[in-house]
Amino acid sequence: MKILILGAGYAGLTVAHRIREFSNAEITVISRSKTVRENTIFPLLLTNEVKIEDTEFNAEEALRVKNIDFVEGEVTEILPQTREVKTTKGTFDYDYLFIALGGAYEENFEKIPGHEFAFMHHTLEGFLGLKKALESAEDGVRILVGNARNSPIEGPSYQVALISEYILRKRGIKGEVYLVTQSPKGVFGILQNDKIAEKANGYFQRRGIKVIKGTYVKEIKKNKVILGNDQEIETDVISVLPTLSAPEVVIKAGLTDDSGFVPVKLPYFLHSDRIYALGDLAKGMIPAKTARSAMISAENAVTHFLHLGREYYSQGVLCIMEAGDDSGILRFDKGKEGIKVLLDFNRNYILIKKIYSKLLVNSAFNVPYHASLTV
Ligand SMILES: Cc1cc2nc3c(=O)[nH]c(=O)nc-3n(C[C@H](O)[C@H](O)[C@H](O)COP(=O)(O)OP(=O)(O)OC[C@H]3O[C@@H](n4cnc5c(N)ncnc54)[C@H](O)[C@@H]3O)c2cc1C
(Lines give C-alpha, C1' and ligand atoms only; values in the text may rest on other atoms or scores of the structure.)
Protein backbone atom coordinates (compact mmCIF):
# COMPACT_ATOMS: atom_id res chain seq x y z
CA MET A 1 0.00 0.00 0.00
CA LYS A 2 1.38 3.39 -1.07
CA ILE A 3 0.74 6.32 1.24
CA LEU A 4 1.56 9.81 0.05
CA ILE A 5 1.72 12.72 2.48
CA LEU A 6 1.88 16.26 1.08
CA GLY A 7 3.51 18.78 3.42
CA ALA A 8 6.02 18.26 6.23
CA GLY A 9 4.40 20.57 8.78
CA TYR A 10 2.65 19.77 12.05
CA ALA A 11 -0.10 17.72 10.41
CA GLY A 12 1.94 15.96 7.71
CA LEU A 13 4.73 14.80 10.02
CA THR A 14 2.28 13.72 12.73
CA VAL A 15 0.57 11.47 10.17
CA ALA A 16 3.90 10.03 9.03
CA HIS A 17 5.07 9.22 12.58
CA ARG A 18 1.76 7.80 13.67
CA ILE A 19 1.19 5.55 10.64
CA ARG A 20 4.71 4.18 10.98
CA GLU A 21 4.07 3.47 14.66
CA PHE A 22 1.31 1.03 13.65
CA SER A 23 2.10 -0.05 10.08
CA ASN A 24 4.90 -1.04 7.69
CA ALA A 25 3.21 0.58 4.67
CA GLU A 26 5.27 2.43 2.04
CA ILE A 27 5.16 6.09 3.12
CA THR A 28 6.45 9.09 1.14
CA VAL A 29 6.37 12.67 2.38
CA ILE A 30 6.71 15.45 -0.21
CA SER A 31 7.46 18.98 0.96
CA ARG A 32 9.05 22.19 -0.27
CA SER A 33 12.02 22.07 2.08
CA LYS A 34 13.66 19.47 4.28
CA THR A 35 14.36 22.23 6.80
CA VAL A 36 11.17 22.50 8.83
CA ARG A 37 10.56 25.28 11.35
CA GLU A 38 8.48 25.22 14.52
CA ASN A 39 6.80 28.55 13.82
CA THR A 40 4.68 28.88 16.97
CA ILE A 41 7.84 29.92 18.81
CA PHE A 42 8.77 32.64 16.26
CA PRO A 43 7.54 35.54 18.47
CA LEU A 44 10.43 34.72 20.85
CA LEU A 45 12.89 35.53 18.04
CA LEU A 46 11.86 39.15 18.59
CA THR A 47 13.21 39.12 22.15
CA ASN A 48 16.23 36.85 21.47
CA GLU A 49 14.73 34.23 23.81
CA VAL A 50 15.30 31.74 20.99
CA LYS A 51 17.66 31.64 18.01
CA ILE A 52 16.68 30.61 14.48
CA GLU A 53 18.54 27.30 14.84
CA ASP A 54 16.46 26.47 17.95
CA THR A 55 13.33 26.51 15.79
CA GLU A 56 14.36 24.15 13.00
CA PHE A 57 15.09 20.52 12.22
CA ASN A 58 15.87 18.32 9.22
CA ALA A 59 12.73 16.37 8.30
CA GLU A 60 14.52 14.15 5.79
CA GLU A 61 16.90 12.84 8.48
CA ALA A 62 14.13 12.41 11.05
CA LEU A 63 12.05 10.35 8.59
CA ARG A 64 14.93 8.31 7.15
CA VAL A 65 15.50 6.52 10.47
CA LYS A 66 11.86 5.43 10.33
CA ASN A 67 12.18 4.16 6.77
CA ILE A 68 9.94 6.93 5.43
CA ASP A 69 10.94 8.53 2.10
CA PHE A 70 11.24 12.30 1.96
CA VAL A 71 11.09 14.17 -1.34
CA GLU A 72 12.15 17.81 -1.31
CA GLY A 73 9.98 19.29 -4.04
CA GLU A 74 7.09 21.59 -4.88
CA VAL A 75 3.65 20.04 -5.32
CA THR A 76 2.33 21.50 -8.58
CA GLU A 77 -0.80 19.48 -9.30
CA ILE A 78 -3.07 17.09 -7.41
CA LEU A 79 -5.06 14.74 -9.64
CA PRO A 80 -7.58 12.75 -7.56
CA GLN A 81 -9.16 11.13 -10.66
CA THR A 82 -5.94 9.34 -11.63
CA ARG A 83 -4.61 9.14 -8.05
CA GLU A 84 -1.49 11.10 -8.98
CA VAL A 85 0.42 14.08 -7.65
CA LYS A 86 2.72 16.11 -9.88
CA THR A 87 5.75 17.75 -8.35
CA THR A 88 8.97 19.41 -9.45
CA LYS A 89 10.60 16.03 -8.68
CA GLY A 90 8.28 13.95 -10.85
CA THR A 91 4.84 12.35 -10.65
CA PHE A 92 3.84 10.16 -7.71
CA ASP A 93 0.88 7.80 -7.49
CA TYR A 94 -0.85 6.70 -4.32
CA ASP A 95 -3.38 4.40 -2.75
CA TYR A 96 -4.11 6.91 0.02
CA LEU A 97 -3.35 10.61 0.07
CA PHE A 98 -2.97 12.88 3.11
CA ILE A 99 -2.97 16.54 2.10
CA ALA A 100 -1.31 18.74 4.73
CA LEU A 101 0.07 21.71 2.79
CA GLY A 102 -0.96 24.28 5.41
CA GLY A 103 -2.79 27.56 4.88
CA ALA A 104 -2.05 29.95 2.01
CA TYR A 105 -0.42 32.68 4.11
CA GLU A 106 1.85 34.17 1.42
CA GLU A 107 -0.75 33.92 -1.36
CA ASN A 108 -3.38 35.73 0.72
CA PHE A 109 -0.97 38.30 2.18
CA GLU A 110 -0.15 39.40 -1.35
CA LYS A 111 -3.85 40.11 -1.93
CA ILE A 112 -3.91 42.82 0.79
CA PRO A 113 -3.63 46.18 -1.01
CA GLY A 114 -0.35 47.80 0.03
CA HIS A 115 1.04 44.65 1.66
CA GLU A 116 4.52 45.72 0.55
CA PHE A 117 4.46 48.37 3.30
CA ALA A 118 3.83 45.74 6.01
CA PHE A 119 5.43 42.72 7.61
CA MET A 120 3.59 39.42 7.92
CA HIS A 121 4.20 37.85 11.35
CA HIS A 122 4.10 34.31 10.00
CA THR A 123 7.26 33.65 8.00
CA LEU A 124 10.79 33.75 9.37
CA GLU A 125 11.55 36.65 7.00
CA GLY A 126 8.51 38.54 8.33
CA PHE A 127 9.67 38.14 11.93
CA LEU A 128 13.26 39.12 11.13
CA GLY A 129 12.09 42.26 9.30
CA LEU A 130 9.80 43.20 12.18
CA LYS A 131 12.59 42.58 14.70
CA LYS A 132 14.88 45.00 12.87
CA ALA A 133 12.13 47.63 12.71
CA LEU A 134 11.39 47.32 16.45
CA GLU A 135 15.07 47.48 17.36
CA SER A 136 15.60 50.66 15.34
CA ALA A 137 12.30 52.39 16.23
CA GLU A 138 12.68 55.90 17.58
CA ASP A 139 10.68 58.11 19.96
CA GLY A 140 7.18 58.76 18.68
CA VAL A 141 6.98 55.46 16.76
CA ARG A 142 3.48 54.15 16.00
CA ILE A 143 3.16 50.39 15.64
CA LEU A 144 0.00 48.68 14.39
CA VAL A 145 -0.63 44.95 14.55
CA GLY A 146 -3.74 43.35 13.11
CA ASN A 147 -5.45 40.86 10.89
CA ALA A 148 -7.15 41.04 7.52
CA ARG A 149 -10.89 40.34 7.28
CA ASN A 150 -11.89 36.79 8.30
CA SER A 151 -8.37 35.90 9.34
CA PRO A 152 -8.73 32.75 11.47
CA ILE A 153 -5.79 33.22 13.82
CA GLU A 154 -5.40 36.31 16.02
CA GLY A 155 -3.21 34.82 18.78
CA PRO A 156 0.08 35.68 17.02
CA SER A 157 -1.11 39.29 16.61
CA TYR A 158 -1.77 39.55 20.37
CA GLN A 159 1.75 38.28 21.03
CA VAL A 160 3.39 40.63 18.55
CA ALA A 161 1.53 43.63 20.04
CA LEU A 162 2.61 42.69 23.60
CA ILE A 163 6.20 42.05 22.59
CA SER A 164 6.34 45.33 20.65
CA GLU A 165 5.23 47.21 23.76
CA TYR A 166 7.88 45.36 25.78
CA ILE A 167 10.69 46.14 23.33
CA LEU A 168 9.83 49.86 23.29
CA ARG A 169 9.65 49.92 27.12
CA LYS A 170 12.95 48.06 27.48
CA ARG A 171 14.67 50.39 25.03
CA GLY A 172 13.21 53.48 26.75
CA ILE A 173 11.43 54.52 23.55
CA LYS A 174 8.15 56.40 23.74
CA GLY A 175 5.56 55.21 21.23
CA GLU A 176 2.10 53.82 20.59
CA VAL A 177 1.12 50.20 19.99
CA TYR A 178 -2.25 49.56 18.35
CA LEU A 179 -3.89 46.14 18.16
CA VAL A 180 -6.82 45.67 15.78
CA THR A 181 -9.18 42.82 16.70
CA GLN A 182 -11.96 41.53 14.51
CA SER A 183 -14.37 40.89 17.37
CA PRO A 184 -16.27 43.90 18.79
CA LYS A 185 -15.44 42.33 22.18
CA GLY A 186 -11.73 42.74 21.56
CA VAL A 187 -9.02 40.29 22.60
CA PHE A 188 -10.37 36.70 22.54
CA GLY A 189 -13.84 38.18 21.92
CA ILE A 190 -14.41 35.48 19.32
CA LEU A 191 -14.76 32.91 22.13
CA GLN A 192 -18.09 34.47 23.20
CA ASN A 193 -17.06 34.27 26.84
CA ASP A 194 -17.43 37.71 28.44
CA LYS A 195 -15.24 36.95 31.48
CA ILE A 196 -12.33 35.87 29.29
CA ALA A 197 -12.65 38.89 26.99
CA GLU A 198 -12.90 41.28 29.95
CA LYS A 199 -9.80 39.85 31.63
CA ALA A 200 -7.82 39.78 28.38
CA ASN A 201 -8.76 43.32 27.36
CA GLY A 202 -7.95 44.59 30.86
CA TYR A 203 -4.50 43.06 30.59
CA PHE A 204 -3.79 44.70 27.23
CA GLN A 205 -5.02 48.02 28.62
CA ARG A 206 -2.66 47.73 31.60
CA ARG A 207 0.17 47.09 29.16
CA GLY A 208 -0.70 50.38 27.45
CA ILE A 209 -1.83 48.80 24.18
CA LYS A 210 -4.63 50.57 22.34
CA VAL A 211 -7.09 47.88 21.26
CA ILE A 212 -9.26 48.85 18.29
CA LYS A 213 -12.21 46.49 18.40
CA GLY A 214 -14.56 45.08 15.77
CA THR A 215 -12.66 45.80 12.60
CA TYR A 216 -9.78 44.64 10.43
CA VAL A 217 -6.93 45.83 8.23
CA LYS A 218 -8.43 46.66 4.82
CA GLU A 219 -5.65 48.51 3.08
CA ILE A 220 -2.10 49.60 3.82
CA LYS A 221 -0.38 52.71 2.52
CA LYS A 222 3.05 54.07 3.32
CA ASN A 223 2.75 55.17 6.97
CA LYS A 224 -1.00 54.64 7.08
CA VAL A 225 -3.48 51.82 7.62
CA ILE A 226 -7.11 51.94 6.49
CA LEU A 227 -9.36 49.77 8.60
CA GLY A 228 -12.58 48.00 7.66
CA ASN A 229 -14.62 50.76 9.33
CA ASP A 230 -12.75 53.30 7.13
CA GLN A 231 -10.85 54.67 10.14
CA GLU A 232 -7.34 55.75 9.10
CA ILE A 233 -4.39 55.31 11.46
CA GLU A 234 -0.98 56.89 10.92
CA THR A 235 1.67 54.26 11.50
CA ASP A 236 5.39 53.63 11.13
CA VAL A 237 5.56 49.87 11.64
CA ILE A 238 2.74 47.58 10.45
CA SER A 239 2.48 43.84 10.90
CA VAL A 240 -0.47 41.86 9.59
CA LEU A 241 -1.80 38.33 9.25
CA PRO A 242 -3.93 37.70 6.15
CA THR A 243 -7.14 35.78 5.83
CA LEU A 244 -6.54 32.10 5.08
CA SER A 245 -7.64 29.52 2.57
CA ALA A 246 -6.22 26.29 1.29
CA PRO A 247 -3.25 26.86 -1.06
CA GLU A 248 -3.97 27.50 -4.75
CA VAL A 249 -2.71 24.03 -5.75
CA VAL A 250 -5.44 22.48 -3.57
CA ILE A 251 -8.14 24.88 -4.80
CA LYS A 252 -7.18 24.12 -8.43
CA ALA A 253 -7.59 20.40 -7.75
CA GLY A 254 -11.28 21.11 -7.04
CA LEU A 255 -11.02 19.96 -3.44
CA THR A 256 -12.33 23.13 -1.71
CA ASP A 257 -15.82 24.57 -1.27
CA ASP A 258 -17.01 28.20 -1.08
CA SER A 259 -15.21 28.68 2.23
CA GLY A 260 -11.84 28.23 0.47
CA PHE A 261 -11.07 25.22 2.70
CA VAL A 262 -11.39 21.48 2.08
CA PRO A 263 -14.62 20.01 3.46
CA VAL A 264 -14.06 16.84 5.50
CA LYS A 265 -16.02 14.33 7.51
CA LEU A 266 -15.39 15.04 11.17
CA PRO A 267 -13.87 14.10 13.51
CA TYR A 268 -11.58 12.06 11.25
CA PHE A 269 -10.89 14.52 8.40
CA LEU A 270 -11.76 12.24 5.51
CA HIS A 271 -12.42 14.27 2.36
CA SER A 272 -13.28 11.45 -0.04
CA ASP A 273 -12.67 7.77 -0.48
CA ARG A 274 -8.87 7.87 -0.47
CA ILE A 275 -8.08 11.43 0.56
CA TYR A 276 -7.69 12.94 4.00
CA ALA A 277 -7.30 16.73 4.30
CA LEU A 278 -5.59 18.02 7.42
CA GLY A 279 -4.46 21.06 9.37
CA ASP A 280 -4.86 24.66 8.24
CA LEU A 281 -6.31 23.74 4.83
CA ALA A 282 -9.21 21.65 6.18
CA LYS A 283 -12.63 22.83 7.37
CA GLY A 284 -12.10 21.68 10.94
CA MET A 285 -14.26 21.58 14.07
CA ILE A 286 -13.50 25.21 14.95
CA PRO A 287 -12.63 28.24 12.79
CA ALA A 288 -9.24 28.85 14.49
CA LYS A 289 -6.28 27.43 12.54
CA THR A 290 -3.58 26.25 14.91
CA ALA A 291 -0.67 23.81 15.11
CA ARG A 292 -2.36 21.90 17.90
CA SER A 293 -5.50 21.52 15.75
CA ALA A 294 -3.33 20.41 12.83
CA MET A 295 -1.73 17.65 14.94
CA ILE A 296 -5.13 16.63 16.31
CA SER A 297 -6.56 16.39 12.78
CA ALA A 298 -3.64 14.10 11.91
CA GLU A 299 -4.10 11.90 15.00
CA ASN A 300 -7.82 11.55 14.23
CA ALA A 301 -7.19 10.75 10.56
CA VAL A 302 -4.76 7.96 11.47
CA THR A 303 -7.12 6.58 14.13
CA HIS A 304 -9.76 6.28 11.38
CA PHE A 305 -7.43 5.15 8.58
CA LEU A 306 -5.86 2.31 10.57
CA HIS A 307 -9.03 1.50 12.56
CA LEU A 308 -7.09 1.97 15.77
CA GLY A 309 -10.20 2.07 17.93
CA ARG A 310 -8.82 4.97 19.96
CA GLU A 311 -10.98 7.90 21.00
CA TYR A 312 -11.04 10.92 18.72
CA TYR A 313 -9.68 14.24 20.01
CA SER A 314 -11.74 17.41 19.83
CA GLN A 315 -10.10 20.56 18.49
CA GLY A 316 -10.10 23.52 20.83
CA VAL A 317 -7.89 26.51 21.47
CA LEU A 318 -4.70 26.40 23.53
CA CYS A 319 -2.58 29.49 23.12
CA ILE A 320 0.51 30.33 25.14
CA MET A 321 1.07 34.02 24.66
CA GLU A 322 4.63 35.22 24.63
CA ALA A 323 4.45 38.76 25.96
CA GLY A 324 8.01 40.02 26.45
CA ASP A 325 8.73 40.07 30.19
CA ASP A 326 5.46 38.27 30.89
CA SER A 327 3.34 35.58 29.27
CA GLY A 328 -0.13 34.09 29.39
CA ILE A 329 -2.19 31.06 28.56
CA LEU A 330 -5.64 30.73 27.03
CA ARG A 331 -7.40 27.40 26.95
CA PHE A 332 -10.88 26.82 25.56
CA ASP A 333 -11.66 23.15 25.07
CA LYS A 334 -15.02 21.46 24.59
CA GLY A 335 -15.37 17.71 24.67
CA LYS A 336 -17.43 14.95 26.15
CA GLU A 337 -15.67 15.71 29.45
CA GLY A 338 -17.30 19.16 29.43
CA ILE A 339 -15.87 22.62 28.82
CA LYS A 340 -12.45 23.70 30.11
CA VAL A 341 -11.73 27.42 30.09
CA LEU A 342 -8.64 29.14 31.45
CA LEU A 343 -6.98 32.51 30.99
CA ASP A 344 -4.00 33.28 33.16
CA PHE A 345 -0.94 35.51 33.01
CA ASN A 346 2.35 34.42 34.54
CA ARG A 347 5.95 34.78 33.39
CA ASN A 348 6.52 31.00 33.76
CA TYR A 349 4.37 30.14 30.75
CA ILE A 350 7.25 31.30 28.52
CA LEU A 351 9.39 28.54 30.00
CA ILE A 352 6.65 25.95 29.38
CA LYS A 353 6.32 27.17 25.80
CA LYS A 354 10.08 26.92 25.24
CA ILE A 355 10.20 23.38 26.65
CA TYR A 356 7.23 22.30 24.52
CA SER A 357 8.76 23.87 21.43
CA LYS A 358 12.05 22.03 22.06
CA LEU A 359 10.06 18.80 22.33
CA LEU A 360 8.41 19.50 18.98
CA VAL A 361 11.74 20.31 17.30
CA ASN A 362 13.70 17.41 18.81
CA SER A 363 11.02 14.88 17.89
CA ALA A 364 10.26 16.33 14.42
CA PHE A 365 6.67 17.00 15.55
CA ASN A 366 6.20 13.53 17.04
CA VAL A 367 4.31 14.58 20.18
CA PRO A 368 1.52 12.16 21.04
CA TYR A 369 -0.17 14.13 23.83
CA HIS A 370 -2.07 17.29 22.91
CA ALA A 371 -3.78 18.15 26.22
CA SER A 372 -7.05 17.86 24.34
CA LEU A 373 -10.48 16.58 25.32
CA THR A 374 -12.21 13.81 23.37
CA VAL A 375 -15.32 13.98 21.20
C1 LIG B 1 3.65 33.40 14.75
C2 LIG B 1 2.73 32.26 14.85
C3 LIG B 1 2.44 31.75 16.09
C4 LIG B 1 1.60 30.67 16.20
N5 LIG B 1 1.36 30.19 17.44
C6 LIG B 1 0.60 29.10 17.56
C7 LIG B 1 0.43 28.53 18.87
O8 LIG B 1 0.91 29.04 19.88
N9 LIG B 1 -0.28 27.39 18.96
C10 LIG B 1 -0.82 26.78 17.86
O11 LIG B 1 -1.43 25.73 18.02
N12 LIG B 1 -0.69 27.31 16.62
C13 LIG B 1 0.01 28.45 16.44
N14 LIG B 1 0.19 28.98 15.18
C15 LIG B 1 -0.48 28.38 14.00
C16 LIG B 1 0.29 27.23 13.40
O17 LIG B 1 1.61 27.61 13.11
C18 LIG B 1 -0.38 26.70 12.13
O19 LIG B 1 -1.73 26.48 12.40
C20 LIG B 1 0.29 25.40 11.67
O21 LIG B 1 1.52 25.68 11.07
C22 LIG B 1 -0.57 24.61 10.68
O23 LIG B 1 0.03 23.36 10.48
P24 LIG B 1 -0.16 22.57 9.11
O25 LIG B 1 0.50 21.25 9.30
O26 LIG B 1 -1.56 22.61 8.66
O27 LIG B 1 0.65 23.43 8.03
P28 LIG B 1 2.16 23.91 8.01
O29 LIG B 1 2.80 23.76 9.32
O30 LIG B 1 2.12 25.26 7.38
O31 LIG B 1 2.87 22.88 7.03
C32 LIG B 1 2.64 22.87 5.64
C33 LIG B 1 3.90 22.35 4.94
O34 LIG B 1 3.62 22.17 3.54
C35 LIG B 1 4.66 22.75 2.77
N36 LIG B 1 4.07 23.19 1.49
C37 LIG B 1 3.11 24.10 1.29
N38 LIG B 1 2.79 24.19 -0.02
C39 LIG B 1 3.60 23.31 -0.65
C40 LIG B 1 3.74 22.92 -2.01
N41 LIG B 1 3.00 23.44 -2.99
N42 LIG B 1 4.66 21.98 -2.30
C43 LIG B 1 5.42 21.41 -1.33
N44 LIG B 1 5.33 21.74 -0.03
C45 LIG B 1 4.42 22.68 0.31
C46 LIG B 1 5.15 23.92 3.61
O47 LIG B 1 6.45 24.29 3.24
C48 LIG B 1 5.06 23.33 5.02
O49 LIG B 1 6.23 22.62 5.35
C50 LIG B 1 1.02 30.09 15.04
C51 LIG B 1 1.29 30.61 13.78
C52 LIG B 1 2.13 31.70 13.69
C53 LIG B 1 2.42 32.28 12.36
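1. Contact between the two domains. In this predicted model, 15 residues of domain 1 are in contact with 15 residues of domain 2. The side of domain 1 that touches domain 2 is made up of 9 nonpolar, 3 polar and 3 charged residues. When reading these counts, please bear in mind that the chain is divided into domain 1, which comprises 2-104 + 245-312, and domain 2, which covers 106-241. The centres of the two domains, taken over C-alpha atoms, are separated by 29 Å.

2. The annotated span. UniProt, in an unreviewed entry, places the feature "domain: FAD/NAD(P)-binding" at residues 1-292, and this should be read as coming from that record. In the model, residues 1-292 are 25% helix and 28% strand, and the end C-alpha atoms of the span lie 28 Å apart.

3. The open sheet. Five strands, in the order β10-β17-β11-β12-β13, form an open sheet in which the pairing is parallel. Its edges are β10 (119-120) and β13 (210-213), each of which pairs on one side only. Within the sheet, strand β11 (residues 141-147) and strand β17 (residues 237-241) run parallel and are joined by 5 bridges; to locate this pairing in the model, one can look at G146, whose bridge partner in β17 is V240.

4. Helix α5. This helix takes in residues 155-171, 17 residues in total, and reaches 25 Å from its first C-alpha to its last, which is close to the 24 Å expected at 1.5 Å a residue. Is α5 enclosed by the rest of the structure or not? Since 14 of its 17 residues are buried, α5 is largely enclosed by the rest of the structure, where a buried residue is one with 20 or more other C-beta atoms within 10 Å of its own. Just after α5 comes G172, which takes a positive phi of about 70°.

5. Helix α8. The 15 residues of helix α8 (residues 291-305) should span 21 Å at 1.5 Å a residue, and because the end C-alpha atoms are 21 Å apart, the model agrees with that expectation. By the burial count, 13 of the 15 residues of α8 are buried, so this helix is largely enclosed by the rest of the structure. H307 follows α8, and its phi is positive, near 50°.

6. A reading aid for the helices. An α-helix has 3.6 residues a turn, so residues three or four places apart point the same way.

Definitions and conventions. Residues are numbered from 1 along each chain as its sequence is written. This is a predicted model: local features need pLDDT of at least 70, side-chain atom pairs count only at pLDDT 80 or more; totals for chains, interfaces and linings use all residues. Helices (H or I, at least four residues) and strands (E, at least two) are DSSP runs, numbered from the N terminus. The expected span of a helix is 1.5 Å times one less than its number of residues. A residue is buried if 20 or more other C-beta atoms lie within 10 Å of its own, exposed if 12 or fewer, and partly exposed in between; C-beta atoms are placed from the backbone. Two strands pair if DSSP finds at least two bridges between them. UniProt positions are given in the numbering used here, feature names are shortened, and annotations may be inferred rather than shown by experiment. Domain bounds come from an automatic or database domain assignment. Two residues are in contact if their C-beta atoms, placed from the backbone, lie within 7 Å. Ala, Val, Leu, Ile, Met, Phe, Trp, Tyr, Cys and Pro count as nonpolar, Asp, Glu, Lys and Arg as charged, and the others, Gly among them, as polar.
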